[in-house]
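I opened the file to go through backbone, cores and interface. My notes follow the order in which I looked things up.

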Amino acid sequence: MKRIALTVSAILLLFATAEPKQKKAQPKKQEATSVQQEAMKVLMSGFSTDPRFTWKTQQDEAQRICSQYPSMEAMPAQAIQKVIQLSQADLRYPQWGIFWGDWREGKKIVENPRGGRFASYGFSDSPTDKGGNCYACHLIEKGMPGGTMGPNLYQYGKRWNITKENMNTQEALERVKAVYNIIYNSWSAFPCSSMPRFGHNGALSPEDVMNIVTYLLHPDSPVNK
Amino acid sequence: MRKKALLAIFTAGAVAGGLVSTKALAQTEELTPEQEIKLVQEFNRMLAEGINPGEVWYEVGKDAIKKYNLDKCDLGLGPGVFKGAAAQLPRYFADAGRVMDLETRVGWCLQKHAGMTQDQVLKFVRQCWGKTGNCVSEYDGIIMYLTMESNGHKINVNLKDPKVKKMYDVGKQIYYARIGPWDFNCATCHAGKQEVRIRATRLWSADRPGEAGNAVAIFPKYLVRWGLPMTMHYRYAECMRQMRWPEFLPHSDLAVALSTYLYATGNGTEIKAPGIGR
């Protein structure tokens, strides 16, 4: 009973929001939405119906917005704002608060390329694999080969002048928080960025993310040597 | 004489496949630095000597086409007319009521002329998926044969057909669809004017002229690390696995939409199969 009521209200809501849009829409715009809907239908029809994948087919609102634009430059201000708002509302922090973690643990996750890949025919990661595969896109430690899709993170902490003396000041911890937010949910700072929202999607825990931040910023970390 | 040469090539391929087909690799695809070095050396040697073991699959396919009655298969130029046929795909097929790319059409023909069920076709398609070392699939052979029959022909997808154009639009939209727990879309890696690398791999981009065409025109592509040719649909499946997407179904409309977008973007590029890669 409750479910029916919920569905009915959801449908009503859909009509309420959809109708004024349709009235205003130019024919060209209508065509664009129909291609979008068709694309989602075709996309879903191309996936295995194995129940293990069902959760992966749910597109959230931020993803839906980002799917409409080829790049951030092409996004209207309103869409940018909406993605930032959705992403900031979702930020969660470690049990121990916004404070340094263990850079050695962070290093392990940064260097581990495995995690989250699964196919029934093989080449799958194990459920316990927990990697950020950061070197795929970033250059991080001196001398380690990496990709160029993301910014170079070599001596990231040093660039923000984080030293043993000032690392526990409010200013330094603000920096820790800012970097944490980018890794936990990159779209909170760079809407629709290529970088996965590691924390938001649950690929990494808040503690994992903080350990990575520590690896990037801590004066003892090899990143800043 | 030709057979002998092919045998030699095949042995080379087997050696290359055997090189990296350790037990660890059967489950993973990450290489140790030593394996990586061996692989690069083997790849460079093949490139320098102009050896492409992928060509062996042409002969495999030639036999398989007879075996599975595919000489009755119509790729759009008439039953059994294969010269240049792959170059004009994807196209609309009235008998199937669908736009189809090469692999989807072959799957349809296998059901129609070889009496396979859809499940049997899927099994047939994926028999070597996830395998490293020596796995020779008749399906890979068929796709290799049919593609190589179009070598030298230029890709010519007919976007004037509204049904094909619609698939192109849908494919382009899908190219930018962000889903899955890692938020990827095709464009994450394969779009943009600026040239970027993922680790050591330079990525091609649909936004840089000619690159999409060059990327698709060499499929099926022989992969030295697996010792077998990778068809386009296997490539899609592997992309989606790495994107943490749900598992891809070959011969689906999703595959056709992507192929329509990619091949039409590559219109005018000469088909040069098989390609070779690490």
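These entries cover confidence, the chain contact, the cores, one helix and the unusual backbone spots.

**Setup.** I am reading a predicted model, in which local features need pLDDT of at least 70, side-chain atom pairs count only at pLDDT 80 or more, and totals for chains, interfaces and linings use all residues. Residues are numbered from 1 along each chain as its sequence is written, while chains are lettered from A and ligands numbered from 1 in the order in which they are written.

**Confidence.** I looked up the global scores: ipTM is 0.86 and pTM is 0.87. Next came pLDDT, the predictor's confidence in each residue, from 0 to 100. Chain B averages 89, and 89% of its residues score at least 70. Residues 1-5 of chain B fall below 50, and that stretch has 0 contacts in the model beyond near neighbours in sequence. Contact here puts two C-beta atoms, placed from the backbone, within 7 Å. Residues 11-27 of chain B also stay under 50, yet the model gives them 27 contacts beyond four places in sequence. I keep in mind that coordinates at low pLDDT should not be read in detail.

**Chain contact.** How many residues does each chain bring to the contact? I find 40 from chain A and 41 from chain B. On the chain A side, α2 (27-45) and α3 (61-66) each supply at least two residues. The largest share, 7 residues, is from α2(A). Helices (H or I, at least four residues) and strands (E, at least two) are DSSP runs, numbered from the N terminus. I sorted the chain A side by type: 19 nonpolar, 16 polar and 5 charged. Nonpolar means Ala, Val, Leu, Ile, Met, Phe, Trp, Tyr, Cys and Pro; charged means Asp, Glu, Lys and Arg; the others, Gly among them, are polar.

**Cores.** A nonpolar core joins buried Ala, Val, Leu, Ile, Met, Phe, Trp, Tyr and Cys residues through C-beta atoms within 7 Å. Buried means 20 or more other C-beta atoms within 10 Å, exposed 12 or fewer, and partly exposed in between, with C-beta atoms placed from the backbone. The largest core holds 111 residues; V209(A), V213(A), L216(A), I142(B), I174(B) and A257(B) touch the most other members. Its largest share, 9 residues, comes from α12(B). I142(B) contacts G61(B), A64(B), I65(B), L70(B) and V106(B), leaving aside neighbours within four places in sequence. A second, separate core has 6 residues, including C192(A).

**Helix α4(B).** I checked its length. The 12 residues of α4 (56-67) in chain B should span 16 Å (1.5 Å times one less than the number of residues). The end C-alpha atoms are 17 Å apart, which agrees. G61(B), A64(B) and I65(B) are among its buried residues. N69(B) follows the helix with a positive phi, near 60 degrees.

**Backbone oddities.** Most residues other than glycine have a negative phi, and most peptide bonds are trans. Which bonds are cis? F219(B) and P220(B) share one, with omega about 0 degrees. P220(B) sits in the loop between α10 (211-216) and β5 (221-223) of chain B. A273(B) and P274(B) share another, with omega about -5 degrees. P274(B) lies in the loop between α12 (253-265) and β7 (275-277) of chain B.

Two loop residues of chain A have positive phi. Q155(A) is near 55 degrees, and its 16 C-beta neighbours inside 10 Å make it partly exposed. C192(A) is near 65 degrees, and counts as buried because it has 26 such neighbours.
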